[in-house]
Amino acid sequence: MMSHLIILPIVLPLAAAVILLLARFGAFTRRLLALIATGALLITCVMLVGKASQGEVLYYALGNWQPPFGIVLVLDRLSALMVTVTAILSMGCVIFACGGDDEKGSNFHGLFQLQLMGINGAFLTGDLFNLFVFFEVLLLASYALLVHGGGRDRIQSAVHYAVLNLAGSALFLIAVGMLYGATGTLNMADMARAVSMMDPERNGLVVAGALMLLVVFGLKAAILPLYFWLPRTYASAPAPVAALFAVMTKVGIYAILRVYSLIFGNQAGSLEALEQPWVWWMALATLVIAAIGVLAARDLRLLVAYLVLVSVGTLLAGLGMHSPQATSALLFYLVHTTLVTGGLFLLAEMIGLQRGKAGTRLVKGRIPTHATALGLLFLLGAIAVAGLPPLSGAFAKAMLLAAAEGVQRAWLWPPLLVAGLCALIALSRAGSTLFWRSQESDNADDQLSGWHWAGTAWLLIASPLLVVLAGPLATYTEAAAAQLNDPSAIIQALLPTEEDAP
């Protein structure tokens with residue numbers, strides 16, 4: 001069983017999706033199956049982290065077709081971390097959805113599991129074409145989840161989201177074809193070896209394909225100027241879907257990390273750090289624009305969507321610094337921001353349900369029935385996402401600021417600190433409007449269930465827990481960054497050397 005553990009994050013949600021989509025169960029049974037499947041996924045991912053923490057790169061060859069000819073799934077510290085963060089996030093989303101959001105449309109849990117399969121596959125795959133395939137799987141599921149429950153805003157956002165991502169998929173396929181034509185392989189480890197031995201005169205096609213991939217991954221990550229789809233899409237999505245979408249931008253960031261460290265890493269000669277100048281400046285610009293969006297937002301859900309965009313700029317700035325210390329810091333920050341922003345999307349829905357017609361708009365509205373409890377959760381989330389001590393956001397940002405060297409400090413420190421200040425101002429204004437400027441009226445009927453409270457608390461409590469676990473997590477991310485900085489480890493694990501070849 002342990003030898004097949006790597007494939008379980010794909011097989012478990014796939015099997016659950018097939019059962020939930022084809023069988024006709026009642027609401028209770030669907031929720032039970034979804035909770036069992038997601039819980040089993042979380043346990044599996046924790047076990048994978050344990051295996052990956054030993055430092056060995058492991059792979060699973062589907063059909064026993066060995067690389068570079070067969071399809072492989074690769075487990076290292078980075079991929080294990082990403083699937084575990086996804087499993088933790090998805091557990092909170094499923095718990096929250098069981099409060100009634102899953103019954104506002106059809107096939108919610110089946111589509112949700114299908115999207116988990118696509119996300120996990122993207123994190124584990126070892127070749128570019130299957131990265132494209134898993135991107136399509138998660139995107140197809142996200143199209144349907146985005147319009148769950150209907151509504152004009154959701155349909156309009158879904159159309160924009162679908163058109164942009166279809167264009168990105170077409171560009172992705174073209175880029176993969178160009179790289180395959182230049183290197184003769186789709187396996188990322190084999191492509192890395194081919195690029196390292198390539199005649200510099202043939203670099204043109206590889207550079208063109210690599211930069212096209214950067215555009216595609218930048219669209220998935222929502223980097224400036226490719227971010228315009230994100231705020232309205234996330235703000236209009238159903239709460240548990242928007243919370244899961246908090247990890248969707250991280251898929252693009254992961255793809256940049258993986259592809260441009262493995263294929264165009266230290267062994268790539270003149271192609272090394274091909275993405276760094278582009279990512280660095282676009283990340284800083286994304287931070288500035290996102291900070292302005294945070295201040296301008298007049299809806300709580302839109303505000304949280306712009307906070308996701310702030311996190312994108314912060315993560316990509318860490319990636320653009322191109323050092324193991326910065327990579328370790330961005331991985332720590334990634335864990336923090338994914339779980340906290342996901343929790344804030346769920347909390348925004350809870351607050352909106354208690355405010356009558358005002359909903360999540362930042363205007364005077366009805367006093368929430370559970371104003372004290374909701375206010376405390378909002379305070380916890382606001383402190384965490386703004387990066388204030390003593391919660392995990394402060395640790396993560398301090399690590400990123402410390403990782404900047406020389407002239408990088410002059411460029412990174414002002415926008416990152418100002419973005420944090422803008423988030424603090426916007427969240428303070430939102431909190432005072434939601435909880436202090438409420439108009440007196442009869443309280444709304446209690447529309448919140450225990451599932452809502454449990455799902456939201458599951459994600460927001462992650463911030464203080466990350467403070468307790470800051471030492472082990474920082475040690476793990478440092479080891480993951482070092483492993484990522486040494487692409488030869490994956491190449492040697494997947495491909496036989498000349499001496500080993502028969």
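Which residue's side chain meets that of Arg301 in a salt bridge? In this predicted model, the partner is Glu349, and the nitrogen-to-oxygen distance of the bridge is 3.0 Å. The two residues belong to distant parts of the chain, since Arg301 sits in helix 13 and Glu349 in helix 14, with their positions 48 residues apart in sequence. Arg301 is partly exposed, at a relative accessible area of 22%, whereas Glu349 counts as buried, at 10% relative accessibility.

## Salt bridges

The count of salt bridges in the model comes to 6, and three of these pairs are set out below.

| Pair | N to O distance | Location |
|---|---|---|
| Arg258 and Asp76 | 2.8 Å | helix 11; loop between strand 2 and helix 3 (77-97) |
| Arg301 and Glu349 | 3.0 Å | helix 13; helix 14 |
| Arg193 and Asp190 | 3.5 Å | helix 7 (residues 188-196), both residues |

In the bridge between Arg258 and Asp76, the closest N and O atoms are 2.8 Å apart. Because Arg258 lies in helix 11 and Asp76 in the loop between strand 2 and helix 3, the pair ties together parts that are 182 residues apart in sequence. Both members of this pair, Arg258 and Asp76, are buried.

The bridge between Arg193 and Asp190 lies within one element, for both residues are in helix 7, 3 residues apart, which is about one turn of the helix. Here Arg193 is partly exposed, with a relative accessible area of 30%, while Asp190 is buried, with a value of 15%.

## Helix 11 and the nonpolar core

Helix 11, which covers residues 248-262, is mostly covered, with 15 of its 15 residues buried. With 15 residues at 1.5 Å a residue, the helix should span 21 Å, and this agrees with the 21 Å that separates its end C-alpha atoms. Within this helix lies Thr249, which counts as buried because its relative accessibility is 0%, and buried means under 20%. Once neighbours within four places in sequence are left aside, the contacts of Thr249 include Lys220, Ala221, Ala222, Leu230 and Tyr234, together with Val308 and Val312.

The largest nonpolar core has 190 residues, and those with the most contacts inside it are Leu128, Phe217, Leu316 and Phe378. Helix 14 (residues 324-353) gives the most to this core, contributing 18 residues. Leu128, when residues up to four places away in sequence are not counted, touches a set of residues that includes Phe172, Val176, Leu179, Leu186 and Met188, as well as Val259 and Ile263.

## Backbone features in the loops

Most residues other than glycine have a negative phi, and most peptide bonds are trans. Against that background, a cis peptide bond joins Pro67 and Pro68, with omega about 10°, and Pro68 is placed in the loop between strand 1 (58-61) and strand 2 (72-75). The peptide bond from Leu224 to Pro225 is also cis, with omega near 5°, and Pro225 lies in the loop between helix 8 (203-221) and helix 9 (230-236).

Asn64, although not a glycine, has a positive phi of about 60°; this residue is found in the loop between strand 1 and strand 2 and is exposed, with a relative accessible area of 61%. His322, likewise a residue other than glycine, has a positive phi near 55°, and its place is in the loop between helix 13 (300-321) and helix 14, where His322 is partly exposed at 35% relative accessible area.

## A buried loop residue and a surface patch

Leu391 lies in the loop between helix 15 (371-386) and helix 16 (392-403), and is buried, with a relative accessible area of 10%. Apart from neighbours within four places in sequence, Leu391 is in contact with Leu380, Ile383, Ala384, Ser463, Pro464 and Val467. The C-alpha atoms of Leu391 and Ala462 are separated by 9.6 Å, with the two residues 71 residues apart along the chain.

At the surface, Trp281, Met282, Val407 and Trp411 make a nonpolar patch of about 410 Å². Helix 12 (276-296) and helix 17 (407-435) each supply at least two residues of this patch. Val407, which lies in helix 17, is exposed, with a relative accessible area of 58%.

Conventions
Residues numbered from 1 in each chain as written. Predicted model: local features only at pLDDT ≥ 70, side-chain atom pairs only at ≥ 80, totals over all residues. Heavy atoms only, no water. Patch = residues over 30% accessible without salt bridge, like charges linked within 9 Å, V, L, I, M, F, W, Y side chains within 5 Å. Areas by Shrake-Rupley, 256 points an atom, 1.4 Å probe, with all protein chains shown as cover. Salt bridge = Lys/Arg side-chain N within 4 Å of Asp/Glu carboxyl O. Helix = DSSP H or I, 4+ residues; strand = E, 2+ residues; numbered from the N terminus. Buried < 20%, exposed > 50% of the residue type's maximum accessible area, 1.4 Å probe, protein only. Contact = heavy atoms within 4.5 Å. Expected span 1.5 Å × (residues − 1). Core = buried A, V, L, I, M, F, W, Y, C linked by side-chain atoms within 4.5 Å.
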